[in-house]
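This briefing covers sheets, an annotated domain, and empty space in one protein chain. Please look at the sequence and model first.

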Amino acid sequence: MKTYEVKTYFLEDDGFIPNNPRLPVLFYEGVLSGKPQQAEEIFRSNNWLNSWQGGVYDFHHYHSNTHEALGVVSGFATVKIGGKSGEELQVHTGDVLILPAGTGHMNVDSSSDFQVAGAYPQGMEHNLMRGVDGERPHVLEEIDSVPLPETDPLFGTDGPLLQYWNVK
């Protein structure tokens with residue numbers, strides 16, 4: 001396996017967006033260079049299913065019931081992770097973000113051709129949470145109960161996710 005620099009981001013609960021208290025966001029920069037259109041196929045081959053292609057919402061949101069892989073298929077964007085006081089990441093064609101359950105994300109600005117492919121471990125269905133009143137404490141319990149994925153969405157059973165997320 002070729003090694004890629006993996007950037008990690010531990011994000012704290014900001015009172016609206018819970019983020020994930022145990023797992024970092026993983027940013028695989030340029031990992032799909034030369035083959036961004038194959039993102040969904042690669043995700044599927046590693047049992048990250050229920051895939052789709054489109055944009056990233058322009059409002060803070062998160063999924064409390066599953067982890068999510070986002071591969072940039074075309075264009076570029078500034079994606080904010082972690083809620084209002086989170087981190088702004090510059091993502092480009094070929095980059096992949098892996099968001100643990102509860103991680104806030106939104107499109108701050110993007111090129112007109114910006115597209116991502118999204119997928120979920122074992123094809124889990126995702127919900128759409130926005131950090132509004134009434135979501136807690138249910139979402140905190142849900143985030144805590146999301147199982148660790150059995151595979152890295154790009155490298156299967158030999159990927160960095162398994163180390164960074166301490167998957168046994």
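The points below go through provenance, the two sheets, the annotated span, and the pocket and cavity.

This is a predicted model, in which local features need pLDDT of at least 70 and side-chain atom pairs count only at pLDDT 80 or more, while totals for chains, interfaces and linings use all residues. Residues are numbered from 1 along each chain as its sequence is written, and side-chain values use heavy atoms, with hydrogens and water left out.

**Six-stranded sheet**
- An open sheet of 6 strands has the order 1-2-7-4-9-3 and antiparallel pairing; strands are DSSP runs (E, at least two residues), numbered from the N terminus, and two of them pair if DSSP finds at least two bridges between them.
- Its edge strands, each pairing on one side only, are strand 1 (6-9) and strand 3 (48-54).
- On average, neighbouring strands of this sheet are turned by 20° against each other, direction ignored; the axes are lines fitted to C-alpha atoms, and angles run from 0 to 180 degrees between N-to-C directions.
- Strand 4 (residues 68-74) and strand 7 (residues 96-99) run antiparallel and are joined by 4 bridges.
- Glu68 stands opposite Leu99 in strand 7.

**Three-stranded sheet**
- A second open sheet, of 3 strands, has the order 6-5-8, again with antiparallel pairing.
- Strand 6 (87-92) and strand 8 (105-110) are the edge strands, each pairing on one side only.
- Neighbouring strands here are turned by 30° against each other on average, direction ignored.
- Strand 5 (residues 76-81) is joined to strand 6 by 6 bridges, and the two run antiparallel.
- Ile81 has Glu87 in strand 6 as its bridge partner.

**Annotated span**
- An unreviewed UniProt entry places "domain: Cupin type-2" at residues 60-105; such annotations may be inferred rather than shown by experiment.
- The span 60-105 is 0% helix and 52% strand, and its end C-alpha atoms lie 5 Å apart.

**Pocket and cavity**
- The largest pocket has a volume of about 180 Å³; on a 1 Å grid over the protein atoms alone, a pocket is an open set of points with protein on both sides within 12 Å along at least five of seven lines, and lining residues have an atom within 4 Å of a point.
- Of the 13 residues that line the largest pocket, Trp52, Gly55, Tyr57, His61 and Glu68 are the closest to its centre.
- The largest cavity (a set of points where a 1.4 Å probe fits but cannot get out) has a volume of about 50 Å³.
- Val56, Leu70, Val72, Val79, Val91, Leu97 and Val116 line the largest cavity.

Definitions and conventions. Grid points are joined across faces, edges and corners, and a volume is the space filled by probe spheres set on the points.
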